Amino acid sequence: MKDSRARIAVFISGGGSNLQALIDAEKAGILAGDVVWVVSSSKKAYGLRRAEQAGIDTWVYMPKRYDSAQGAAQDLLRKLTEREIDYIALAGYLKLLPAEVVRAYSGRIVNIHPALLPKYGGKGMYGHHVHEAVLAAGETESGPTVHLVDEIYDNGRILEQVRVPVESDDTPDSLAARVLEQEHKLYPRVLSKLIRGEYEQGSN
Ligand code: GRF
């Protein structure tokens with residue numbers, strides 16, 4: 001690893017409270033890297049405002065605006081390379097990253113998911129759908145998972161999870177809030193450990 005601090009790109013699609021947690025951790029001196037770029041799949045994402053307020057460069061990535069999926073992927077990879085990005089943190093990013101990017105950043109892309117993977121993951125399992133499914137199944141616990149990213153939704157190696165109770169009177173919203181509170185603590189910690197090389201090398 002080079003001597004300078006790790007450069008992190010955070011990918012978002014929405015509110016960006018996990019992005020904010022990473023920014024706050026960096027400000028507090030407890031993130032083992034710097035958030036230098038925020039990429040959003042939507043120009044309406046509130047997380048873009050959070051990035052701007054923190055003085056972080058932003059970009060809206062819309063693959064459909066390119067002639068081909070390959071052209072879109074190459075442009076994204078070129079921009080990541082130009083900015084010397086070392087790590088990618090997906091924080092509520094609802095799209096699949098291009099395979100070229102996943103391969104180039106193998107072992108250096110993480111995602112946070114609001115349930116205890118491998119349960120309640122995969123395509124369509126995002127936002128309130130996750131918490132509705134957890135409640136419908138009568139689970140007694142839930143909680144966030146941080147995992148490495150491969151080419152399949154929510155599939156890569158699990159790095160860490162935190163368990164929270166599911167209460168008998170929970171609604172999807174109340175459960176989401178309890179999980180999200182833990183996400184904000186877990187994500188900066190796990191990303192920092194990954195950057196510091198504190199997880200055993202293994203498959204992604
Ligand atoms: C979080 O619950 C995260 O686990 C999931 O998407 C949500 C993003 O929330 N992947 P926010 O945009 O960080 O507030």
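Which N or O atom of a side chain lies 2.5 Å from an oxygen atom of the ligand? In this predicted model, the partner belongs to the side chain of Ser17, and the distance of 2.5 Å separates an N or O atom there from the ligand oxygen. The neighbouring entry in the sequence, Asn18, takes part through its backbone: a polar backbone atom of Asn18 is 2.8 Å from an oxygen atom of the ligand. A nitrogen atom of the ligand, in turn, is 2.8 Å from a polar backbone atom of Ile112. On its own the ligand has 370 Å² of accessible area, and the protein covers 79% of it.

It helps to place these contacts within the shell as a whole. Around the ligand are Gly15, Gly16, Ser17 and Asn18, then Gly92, then Ile112, His113 and Pro114, and finally Leu180 and Glu183. Sorted by class, this shell contains six polar residues, three nonpolar residues and one charged residue. Three elements each contribute at least two residues to the shell, namely α1 (17–27), β5 (109–113) and α6 (172–195).

The ligand occupies the space of the largest pocket, so a look at that pocket comes next. Its volume is about 840 Å³. The lining of the largest pocket comprises 43 residues, and those closest to the centre are Gly92, Tyr93, Leu94, Tyr126 and Gly127. Of these, Gly92 is also part of the shell around the ligand. At least two lining residues come from each of α1, β5, α5 (128–136), β7 (145–148) and α6. Helix or strand, the largest share belongs to α6, with six residues of the lining. In terms of class, the lining holds 19 nonpolar, 17 polar and seven charged residues.

The second largest pocket has a volume of about 350 Å³. Its lining is made of 14 residues, with Tyr61, Met62, Pro63, Lys64 and Lys95 closest to the centre. Here the largest share, three residues, is supplied by helix α3 (residues 69–82). The class breakdown for the second largest pocket is ten nonpolar residues, one polar residue and three charged residues.

Turning to the backbone, two features are worth a look in the loop between β5 and α5, where both Pro118 and Tyr120 are found. Most residues other than glycine have a negative phi, and most peptide bonds are trans. Against that background, the peptide bond joining Leu117 and Pro118 is cis, with omega at about 10°. Tyr120, a residue other than glycine, has a positive phi near 60°. The two elements that bracket this loop, β5 and α5, each supply at least two residues of the lining of the largest pocket, and β5 also supplies at least two residues of the shell around the ligand.

Notes
Residues numbered from 1 in each chain as written. Predicted model: local features only at pLDDT ≥ 70, side-chain atom pairs only at ≥ 80, totals over all residues. Heavy atoms only, no water. Near = heavy atom within 4 Å. Polar contact = N/O pair within 3.5 Å; in protein donor to acceptor, adjacent residues only side chain to side chain. Areas by Shrake-Rupley, 256 points an atom, 1.4 Å probe, with all protein chains shown as cover. 1 Å grid on protein atoms, 1.4 Å probe; cavity = no way out; pocket = protein on both sides within 12 Å on 5 of 7 lines; lining within 4 Å. Sits in = over half its atoms within 2 Å of the grid points. Helix = DSSP H or I, 4+ residues; strand = E, 2+ residues; numbered from the N terminus. Nonpolar A, V, L, I, M, F, W, Y, C, P; charged D, E, K, R; others polar. Points joined across faces, edges and corners; volume = space filled by probe spheres on them.
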